[in-house]
Amino acid sequence: MPNHRMNKAIAGYHILMILSSIDFNIHLEEEKIIREYLFQEFPFKLNLDNQMEILSSLHHDDWLMHFTQCVDDFHDDSTHEERNELLKFAVYLAKADKSITEKENEYLQILFDAWDFHLE
């Protein structure tokens, strides 16, 4: 498992990829949301092979620890507005298959708590 700090955009990508994988089934709508995030964060062509290798090498028991590290890394490099924007992507992603699982809810709650975000 990587132990180095990730920049904001890569950490956000990892957050969304783990969130989309929590139910062990990535849906087409989730892929579209992740692509939209990538388009916004990386308007140029980007090779994500290294990132996919990192993510695919994680055992699902390691997802939570990696997720929380990504949450911290994203926070350290982002503004309040950027965190709100990623939270929107995360919620849209969790809702994309028309149901939010208990695990998806748990991971979303980690994001909301870590970034001290409250729905009004």
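**Figure 1. Lys98 sits in the loop between α5 and α6.** This close-up, like the others here, comes from a predicted model. Look for the loop that links the two helices, and you will find Lys98 there. Is Lys98 buried or exposed? Its relative accessibility is 76%, so Lys98 counts as exposed. The backbone is worth a glance too: phi of Lys98 is near 75°. That is a positive value in a residue other than glycine.

**Figure 2. Helices α2 and α5 pack against each other at an angle of about 165°.** The axes of this pair are 9 Å apart. How are α2 and α5 oriented relative to each other? Angles over 145 degrees count as roughly antiparallel, and α2 and α5 are therefore roughly antiparallel. Their crossing is right-handed. On the α2 side of the contact you can pick out Glu30, Ile33, Ile34, Glu36, Tyr37 and Gln40. They meet Glu85, Leu86, Phe89, Tyr92 and Leu93 in α5. Sorted by class, the contact of α2 with α5 has 7 nonpolar, 1 polar and 3 charged residues.

**Figure 3. Helices α4 and α6 cross at roughly 30°.** Their axes come within 10 Å. Angles under 35 degrees count as roughly parallel, and that makes α4 roughly parallel to α6. The crossing of α4 and α6 is right-handed. Which residues of α4 take part in the contact with α6? They are Trp63, Leu64, Phe67, Thr68 and Val71. Across from them in α6 are Glu106, Tyr107, Ile110, Leu111 and Ala114. The contact of α4 with α6 holds 8 nonpolar, 1 polar and 1 charged residues.

**Figure 4. Helices α1 and α3 pack at an angle of about 45°.** Helix α1 covers residues 8-21, helix α3 covers residues 49-57, and their axes are 11 Å apart. The two helices are therefore oblique to each other, and their crossing is right-handed. From α1, the residues Ile10, Tyr13, His14, Met17 and Ile18 meet Gln51, Met52, Ile54 and Leu55 in α3. What classes do the residues of the contact of α1 with α3 divide into? There are 7 nonpolar, 2 polar and no charged. Glu53 also lies in α3. With a relative accessible area of 57%, Glu53 is exposed. For a sense of distance, the C-alpha atoms of Glu53 and Glu85 are separated by 26 Å, while the two residues are 32 apart along the chain.

**Figure 5. The largest nonpolar core has 36 residues.** In soluble globular proteins, nonpolar side chains tend to be buried together. Here, the residues with the most contacts inside the core are Tyr13, Ile15, Leu16, Tyr37, Leu86, Leu111 and Trp115. Five helices, α1, α2, α4, α5 and α6, each supply at least two residues of this core. Which helix gives the largest share of this core? That is α1, with 9 residues. Try zooming in on Leu86: leaving aside its neighbours within four places in sequence, Leu86 is in contact with Gly12, Ile15, Leu16, Tyr37, Phe74 and Trp115.

**Figure 6. Phe74 lies in helix α4.** Is Phe74 buried or exposed? Its relative accessibility is 2%, so Phe74 counts as buried. Setting aside neighbours within four places in sequence, Phe74 has a long list of partners to trace on screen: Lys8, Ala11, Gly12, Ile15, Tyr37, Glu82, Arg83, Leu86 and Trp115. How many residues along the chain lie between the positions of Phe74 and Ile34, and what separates their C-alpha atoms? The two are 40 residues apart along the chain, and their C-alpha atoms are separated by 16 Å.

**Figure 7. His75 is found in helix α4.** With a relative accessible area of 33%, His75 is partly exposed. Which residues does His75 contact, leaving aside its neighbours within four places in sequence? They are Arg83 and Trp115. You can also compare positions along the chain and in space: His75 and His59 are 16 residues apart along the chain, and their C-alpha atoms are separated by 24 Å.

Conventions: Residues numbered from 1 in each chain as written. Predicted model: local features only at pLDDT ≥ 70, side-chain atom pairs only at ≥ 80, totals over all residues. Heavy atoms only, no water. Axes fitted to C-alpha atoms, helices over the stretch in contact; angles between N-to-C directions. Helix = DSSP H or I, 4+ residues; strand = E, 2+ residues; numbered from the N terminus. Parallel < 35°, antiparallel > 145°, perpendicular 65-115°, else oblique. Left-handed = near helix turned anticlockwise from the far one by under 90°. Contact = heavy atoms within 4.5 Å. Nonpolar A, V, L, I, M, F, W, Y, C, P; charged D, E, K, R; others polar. Buried < 20%, exposed > 50% of the residue type's maximum accessible area, 1.4 Å probe, protein only. Core = buried A, V, L, I, M, F, W, Y, C linked by side-chain atoms within 4.5 Å.
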